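I opened this entry to record what I looked up about voids, helix packing and backbone geometry, working from the sequence and the model together.

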Amino acid sequence: MPKVINDENPLKHPFGEVACEEEITVMGDKYSEYYFKHAPFNKGVLDKDCYLIVGRRGSGKTSLANYLTFQNKFKTTKNIYIQNPMEYEELAEKISRSVSFDAEVIVPRLIKLWEYYIWYKIFIEFKETHIDIKKACLLIEEKDNYLSLFKQIVKSVLHKYIDSDGMIYKKLENILSSQVTNDAKAIILKQAKKKPFFITIDSMERYDLKNHLLIYCIAAMIEFAKKFNLQYSDKGIHLKIFVSEEIYPELAETYVRNPAKYISNPIFLHWRPKDLLRLTCWRYFKYLQQNQIICEKLEDYEWDKYEIVRKKFWNIYFNENISNKMGLSESTFPYILRHTHMKPREVIAICNKIAYLSKANETFPKFSQCDIIKGMHDECDNLASSIINTYESIYHNVANIIDTLVKFPIIFEGKLLDKYAPRSSPDWPKGEYSPQNFRKLVAELGIVGRVRKHEGCWVEADFEYAMNDRLVIQPEDTCVIHPMFYRKLKIQVDKSIIVHPFPDEPEYEEIK
């Protein structure tokens, strides 16, 4: 096999970049060719009733948002993509953390703000297509600078939700109900009937749950999206909002006024193992092909068929089985997967590390057992640190708090968490520590799971990151530490225990 690497090739790493933004920067217009169109969420996100997509950092939210630009179900490539809407983020950061809000008062006003915000974005995008749309843009810009008005409205929410004279909201209502705005909307809807388009709001990377206005803004966005989708998805305007799963449970339980009413069939970006294997192989195939390392064509593989991809591709380069550090034989793919939270970014990072070692050891494009084991373990520290970093703005001092678990056994009774939890109390913000909150934190981070089945050395366990709801850990539960955190927390490794942190679903039995 020739091993000629083309430095001009846009694929810099064998399994791609770890973030969609980086891949788009590197590949530009070629990104659409590299995108894995066989992913399980591609069909669901295009459903007209879908408006809410929930995923953790690294699960592919931004990739899916960009997919809407080159999807082929609708005869359009128009995607008004709003990445990290900084207008409300910057404002919310300035709001006092001690302010208490009444959802029944604040959310309806913020919904009106989102209506203004979204229609303004639409008008700006289409203003050159018709004079009536340009007039609507001018109306807003003449009445008040767009961002200035946005800031005034949000600030007014802080000051008892509305200015004493009511002028800001009156101004907003006048704009939204004006003949100029209605004429512009009519033109937009006429165009959308022929050429549907998307409005996509991506999630932010970090959230502070104590920043109440920010979280209420997101809750209002969800409620607005439901209403907007019902009104306009059949008319060719499709609003898709992406929300971080790290804050979603709190958002749904506390901030959205009526989850049963406003949250309908959200898509959770929980990847199946078979899809992760096919995605990983797809990326590596593209790299090998474009660097002339293999001669096969893309169509030589049936990418929708997991068994074929695993046998004809994965097993060739990774080997089917591996002898782990404890000398026990495992299937290579679940061995790698069990050290992740089953997100594409994590699997890609591990595989890139393995590929880097194989090049240094001159085994590339195939991977030796030694490189697989070392690459996986070396990358686990980075993955664990990334999880901790994600939650730093949600749980302040989280890195210090979880140090309580240093040198824990792999498997233990839940009451042991309550015994050690007080050691973390100095690191919690004043008034927030409790054994229950400690258990909640370690479950949310995917560090501690609940044992479902224990046979021989194999332990099957449930972890919150693979669920649509919370994992509640009770003192009487048998618990385990996730393999990703073994090195980070210096866990007491037990050679008689292999943890499979996979959901209780038949397909997980099939990959072993």
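**Cavities**

I began with the enclosed voids, and the count came to four cavities of 30 Å³ or more. The model I am reading is a predicted one. In the largest cavity I noted about 70 Å³ of space. I then looked up its lining, which consists of Arg 56, Glu 245, Glu 246, Tyr 248, Pro 249, Phe 268, Tyr 391, Glu 444, Glu 464, Met 467, Asn 468 and Asp 469. Sorted by class, the lining of the largest cavity holds six charged residues, five nonpolar and one polar.

**Largest pocket**

For the largest pocket I wrote down a volume of about 450 Å³. I counted 34 residues in its lining, and those nearest its centre are Cys 20, Ser 59, Gly 60, Lys 61 and Ser 63. The elements that give two or more residues to this lining are helix 1 (20-27), helix 2 (31-34), helix 3 (41-45), helix 4 (61-70), helix 14 (273-290) and helix 17 (344-360). Which helix gives the most to the lining of the largest pocket? I found that helix 4 does, with four residues. By class, the lining of the largest pocket has 15 nonpolar, ten charged and nine polar residues.

**Helix 1 with helix 4**

I next took up helix packing, where two packed helices are described by the angle between their axes and the distance between the axes. For helix 1 and helix 4, I noted axes that come within 8 Å and cross at roughly 50 degrees, and the two helices are therefore oblique to each other. The contact joins Cys 20, Glu 21 and Ile 24 of helix 1 to Thr 62, Ser 63 and Asn 66 of helix 4. This contact of helix 1 with helix 4 has three polar, two nonpolar and one charged residues.

**Helix 14 with helix 15**

Helix 14 packs against helix 15 (residues 306-318) at an angle of about 55 degrees, and I noted that their axes are 10 Å apart. These helices, 14 and 15, are therefore oblique to each other, and their crossing is left-handed. On the side of helix 14, I listed Lys 274, Leu 277, Arg 278, Thr 280, Cys 281, Tyr 284, Phe 285 and Leu 288, which meet Tyr 306, Glu 307, Val 309, Arg 310, Phe 313, Trp 314 and Tyr 317 in helix 15. The contact of helix 14 with helix 15 divides into ten nonpolar, four charged and one polar.

**Helix 17 with helix 18**

The axes of helix 17 and helix 18 (residues 369-390) come within 8 Å and cross at roughly 140 degrees. Why did I enter this pair as oblique? Angles over 145 degrees count as roughly antiparallel, and the crossing is at roughly 140 degrees, so helix 17 and helix 18 are oblique to each other. Helix 17 passes helix 18 in a right-handed crossing. Among the residues that make the contact are Glu 346, Ile 350 and Leu 357 of helix 17 and Asp 371, Met 376 and Leu 383 of helix 18. By class, I recorded eight nonpolar, six charged and two polar residues in this contact of helix 17 with helix 18.

**Backbone in the loops**

I closed with the backbone, where the peptide bond from Phe 364 to Pro 365 is cis, with omega near 15 degrees. Pro 365 is found in the loop between helix 17 and helix 18. I also noted Asn 397, which has a positive phi of about 70 degrees although it is not a glycine. Asn 397 lies in the loop between helix 18 and helix 19 (398-402).

Definitions and conventions: Residues are numbered from 1 along each chain as its sequence is written. This is a predicted model: local features need pLDDT of at least 70, side-chain atom pairs count only at pLDDT 80 or more; totals for chains, interfaces and linings use all residues. Side-chain values use heavy atoms; hydrogens and water are left out. On a 1 Å grid over the protein atoms alone, a cavity is a set of points where a 1.4 Å probe fits but cannot get out, and a pocket is an open set with protein on both sides within 12 Å along at least five of seven lines; lining residues have an atom within 4 Å of a point. Grid points are joined across faces, edges and corners, and a volume is the space filled by probe spheres set on the points. Ala, Val, Leu, Ile, Met, Phe, Trp, Tyr, Cys and Pro count as nonpolar, Asp, Glu, Lys and Arg as charged, and the others, Gly among them, as polar. Axes are lines fitted to C-alpha atoms, for helices over the stretch in contact, and angles run from 0 to 180 degrees between N-to-C directions. Angles under 35 degrees count as roughly parallel, over 145 as roughly antiparallel, 65 to 115 as roughly perpendicular and the rest as oblique. A crossing is left-handed if the near helix is turned anticlockwise from the far one by less than a right angle, and right-handed if clockwise. Contact means heavy atoms within 4.5 Å.
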